[in-house]
Amino acid sequence: MADPERGAVRPDLEEVFRRDYGLVVGVAARVLGSADHAEDVAQEVFLSFGRSTVPASDARGWLSVAAAHAALNLVRSGRRRARREEAVASASDPLVPDVADTVLKLEERDRVRSALAALPRKQSIALVLRHSGLSYAEIAEALDLAPGSVGTTVRRAESSLRKELIRDASSR
Amino acid sequence: MRHPDEGLLRRLLDEPAGVAAPDREHVAGCERCLAEVGEIRRDAELVRTALATDLEPDVDLTGAWHRLTTSADGVRSPSAATPIGRRRGRTLRRPVVVAVAAALVMTGAGAAAANGWLEIFRTERIAAVSFDPADLNALPDLAAYGDVAVTGDPEIREVTTRAAAETATGLGLPEPTTLPSGVDGAPTYHVADEVSVTFTFSADRVEAAAADAGEELPPLPADLDGTRVRLSAGPGAAAVWPHASGVPALIVGRAVAPTASSTSGVTFETMRDVLLSLPGVPDDVARALRTFNADGSTLPLPVPADQVETSSADVDGDDATVFRTRDGTVAAVAWVDDGVMTVVAGPLGDDEVLAVARSLE
């Protein structure tokens, strides 16, 4: 239970949390490609929200944008780490087949995340929000976009992502 | 009419109602736009598939909310937050001892639950009695001497707030003003109702037990047969600060300490002496218990001598007993004031539980 007497956490936190936690985890999971760290991201996001003065009516958009940002940052830092690990791994023995199969699936997943993280931030967030079920109006509000330009932003993101994925796949 | 831009066509896929009717009509009759919509749809589907998570998040809302409020508190009072790593190892090693401490608080006293015949009184003080654990195991079942009936629900249940715990038990559940480092967040609240054990003494069974044990039976008071003794403990309430590991990090509990009443005029001293002379009670246990004052107000808490050491301390004017496991992993302090016992326990140092005890308000 939040203790309202200590005053530091907004009183509507629990209500918003129960309403939107699943959504926020879903946004993070789409960016990260798995549920593994999505809940960690969601926890961070709600901690920030608890200390914020964002109106409850804007919470859905605010939380979704924050989750997408946090998760994209995680993908970027993860990619840096992965490159170092790759460099180390390339010096060692070739992988046995069934392990290689698993690694391929993981690479497929990572390819999508990397491509997503390489998009302009506004595009990647609009894309993730749309595929997480937010309406065009909600996305416009959350990202401070003109209502008519959400479709264009999402479309450009999808187009770039498709090209990125195809180029990435053919260069392998 | 000019062709709608790709943003509009994209929205047409998701929210056709959000696209103006003339645009919709145009697209429906325009080959070029339909072809573009087809391409946009393929890209959207590809991305939808790429972003789909293989594991749909199976969210445990209650657990997640608990985690959030726990860390929210930690963030709010950073001075109390940090050295969790150090605690974790200590906490995990002795969960059983803490669980026992919790049970002790909730039922009034472990002794009351395990060996009801010891508490023929109203508890005003507690005293630790060190037993060899082997002796404790050897203590006879009360049912060997008469009929035992338990009334009341010994189940411990969780309530949502401190106020609810206090309402349910009629006890003021004190709140610590300082928490040891490593303990933070909001506690959960638990209550247990009053539990009574009614014992009807049977001279026949005592004789049978004596015959089984091959012991000489001391002369029993004539009015003892059929005497009913009612032992009661609780209700009790406790605030439990959880730990990430799931083991309590701190317990603050309060309960109505055990009382006993009897249906005949048998005095505490008589009952005590009879019980302690019964077959099956080890001599050194009987000796230790007989040394208690005869006013029927000191609750002996059996303590395994090889694992727990005890000392006394003062908590705001009350004589308190401090329990500490010999390996230093768990400590507890308990005291009785006006028939109500308060216990502070946790995987902490004895100085830490005392500090919490003295900060209760």
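Trainee: Which strand of chain B does B:Val197 lie in?

Mentor: B:Val197 lies in strand β5 of chain B, and please keep in mind throughout that we are looking at a predicted model.

Trainee: Is B:Val197 buried or exposed?

Mentor: B:Val197 is buried, because 22 other C-beta atoms lie within 10 Å, and the cut-off for calling a residue buried is 20 or more.

Trainee: What do the side chains do along the rest of β5 in chain B?

Mentor: They alternate along residues 195-201 of chain B: B:Val195, B:Val197, B:Phe199 and B:Phe201 point to one face and are buried, whereas B:Ser196, B:Thr198 and B:Thr200 point to the other face and are not buried.

Trainee: And which strands pair with β5(B)?

Mentor: Strand β2 of chain B, residues 146-151, pairs with β5(B) in the antiparallel sense over 6 bridges, and B:Val150 has B:Val197 as its bridge partner. Strand β6 of chain B, residues 228-233, also pairs with β5(B), again antiparallel and over 6 bridges, with B:Thr200 standing opposite B:Arg228 of β6(B).

Trainee: How far is B:Val197 from B:Gly152?

Mentor: Their C-alpha atoms are separated by 8.8 Å, although B:Val197 and B:Gly152 are 45 residues apart along the chain.

Trainee: Different topic: what is the order of the strands in the open sheet of chain B?

Mentor: That sheet has 8 strands in the order β3-β4-β7-β8-β14-β13-β12-β11 of chain B, with antiparallel pairing. Its edge strands are β3 (156-159) and β11 (308-315) of chain B, each of which pairs on one side only, and the twist averages 20° from one strand to the next.

Trainee: How many bridges join β13 to β14 in chain B?

Mentor: There are 7 bridges between β13 (residues 331-337) and β14 (residues 340-346) of chain B, and the two strands run antiparallel. As an example of the register, B:Ala331 has B:Gly346 in β14(B) as its bridge partner.

Trainee: Which strands do helices α9 and α13 of chain B lie across?

Mentor: Helix α9 of chain B, residues 162-169, lies across β3, β4 (188-192) and β7 (236-241) of chain B, running at about 10° to β4(B). Helix α13 of chain B, residues 350-358, lies across β8 (250-256), β11, β12 (318-325), β13 and β14 of chain B, and its direction is about 35° to that of β13(B).

Trainee: How many helices and strands do the two chains have?

Mentor: Chain B has 13 helices and 14 strands, while chain A has 7 helices and 0 strands. Buried residues make up 37% of the 361 residues in chain B, and of the 172 residues of chain A, 42% count as buried.

Trainee: What about contacts between residues far apart in the sequence?

Mentor: If you take the contacts between residues at least 6 apart in sequence, 74% of those in chain B join residues at least 24 apart, and the corresponding figure in chain A is 70%.

Trainee: Staying with chain A, how do α1 and α5 pack?

Mentor: Helix α1 (residues 13-32) and helix α5 (residues 121-131) of chain A pack at an angle of about 125°, with their axes 9 Å apart, which means that α1(A) is oblique to α5(A). Their crossing is right-handed. The contact is made by A:Val27, A:Arg30 and A:Val31 of α1(A) together with A:Val128, A:Leu129 and A:His131 of α5(A), and these residues divide into 4 nonpolar, 1 polar and 1 charged.

Trainee: How many residues of α5(A) are buried?

Mentor: The helix is mostly covered, with 9 of the 11 residues of α5(A) buried, among them A:Gln123, A:Ser124 and A:Arg130. After α5(A) comes A:Gly133, whose phi is positive, near 105°.

Trainee: Last one: how many residues of chain A are in contact with chain B?

Mentor: In chain A, 41 residues are in contact with 32 residues of chain B. The elements of chain A that give two or more residues to that side are α1, α2 (38-51), α5 and α7 (150-170). The residues on the side of chain A that touches chain B divide into 19 nonpolar, 13 polar and 9 charged.

Conventions:
Residues numbered from 1 in each chain as written. Chains lettered and ligands numbered in written order. Predicted model: local features only at pLDDT ≥ 70, side-chain atom pairs only at ≥ 80, totals over all residues. Pairing = 2+ DSSP bridges. Helix = DSSP H or I, 4+ residues; strand = E, 2+ residues; numbered from the N terminus. Axes fitted to C-alpha atoms, helices over the stretch in contact; angles between N-to-C directions. Contact = placed C-beta atoms within 7 Å. Buried ≥ 20, exposed ≤ 12 C-beta atoms within 10 Å, placed from the backbone. Parallel < 35°, antiparallel > 145°, perpendicular 65-115°, else oblique. Left-handed = near helix turned anticlockwise from the far one by under 90°. Nonpolar A, V, L, I, M, F, W, Y, C, P; charged D, E, K, R; others polar.
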